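Colleague: Hey, could you walk me through this one? I haven't looked at it before.

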Amino acid sequence: MNDPAVVVTFPLLDEPETAFVAWTTTPWTLPSNLALCVHPEMDYIKIKEKESGSQFWIMEARTSQLVRPQS
């Protein structure tokens, strides 16, 4: 069975090198997204990709699913 889930980034307007990472199971709704929501009781961390220098905000609890360990 195919899973329609996708992971996308949403760059910040005032920091285009920094983006929020979002996961969705309804990718066909992405063109109409006007905002992102974050949970006020969850912890978020900012990570930096070494190769590109890009920075990403992700939910700390999802780090192991989204970030490969450094070798």
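Modeller: Sure, let's start with the overall make-up and then go through the sheet and the surface. Keep in mind that this is a predicted model.

Colleague: Okay, how many helices and strands does the protein have?

Modeller: The protein has 1 helix and 4 strands. Reading from the N terminus, the pattern is β-β-β-β-α, with the helix after the strands.

Colleague: And in what order do the strands sit in the sheet?

Modeller: The order is 1-2-4-3 in an open sheet, and the pairing is mixed. At the edges you find strand 1 (6-11) and strand 3 (44-48), each of which pairs on one side only. Neighbouring strands are turned by 35° against each other on average, ignoring direction.

Colleague: Mixed, right. Which sense do strand 1 and strand 2 pair in, parallel or antiparallel?

Modeller: Antiparallel, over 6 bridges. Those two strands make a hairpin, and 6 residues lie between them. If you want a spot to click on, Val7 stands opposite Trp23 in strand 2.

Colleague: Got it. What about strand 2 and strand 4?

Modeller: Strand 2 covers residues 18-24 and strand 4 covers residues 55-59, and they pair in the parallel sense over 3 bridges. Look for Ala19, whose bridge partner in strand 4 is Phe56. There's also Phe20, which has Trp57 in strand 4 as its bridge partner.

Colleague: Where do side chains point along a regular strand, in general?

Modeller: As a general rule, side chains in a regular strand alternate between the two faces of the sheet.

Colleague: Switching topic: what share of the protein's residues is buried?

Modeller: Buried residues come to 13% of the 71 residues.

Colleague: And how much area does the protein expose?

Modeller: About 6100 Å². Carbon and sulfur atoms supply 56% of that area.

Colleague: What are the dimensions of the box around the C-alpha atoms?

Modeller: Roughly 35 × 35 × 30 Å, taken along the principal axes.

Colleague: How many of the contacts link residues far along the chain, say 24 or more positions apart?

Modeller: Such pairs account for 23% of the contacts with a separation of 6 or more.

Colleague: Last one, charges. How many positive and negative side chains are there?

Modeller: There are 5 positive and 9 negative side chains in the protein. The centres of the two sets lie 8 Å apart.

Colleague: Thanks, I'll go and find that hairpin of strand 1 and strand 2 now.

Methods
Residues are numbered from 1 along each chain as its sequence is written. This is a predicted model: local features need pLDDT of at least 70, side-chain atom pairs count only at pLDDT 80 or more; totals for chains, interfaces and linings use all residues. Side-chain values use heavy atoms; hydrogens and water are left out. Buried means under 20% relative accessible area, exposed over 50%, partly exposed in between (1.4 Å probe, protein chains only). Contact means heavy atoms within 4.5 Å. Accessible areas come from the Shrake-Rupley method with a 1.4 Å probe; for residues, only the protein chains shown count as cover. Lys and Arg count as positive and Asp and Glu as negative; His and the chain ends are not counted. The place of a charge is taken as NZ of Lys, CZ of Arg, CG of Asp or CD of Glu. Two strands pair if DSSP finds at least two bridges between them. Axes are lines fitted to C-alpha atoms, for helices over the stretch in contact, and angles run from 0 to 180 degrees between N-to-C directions.
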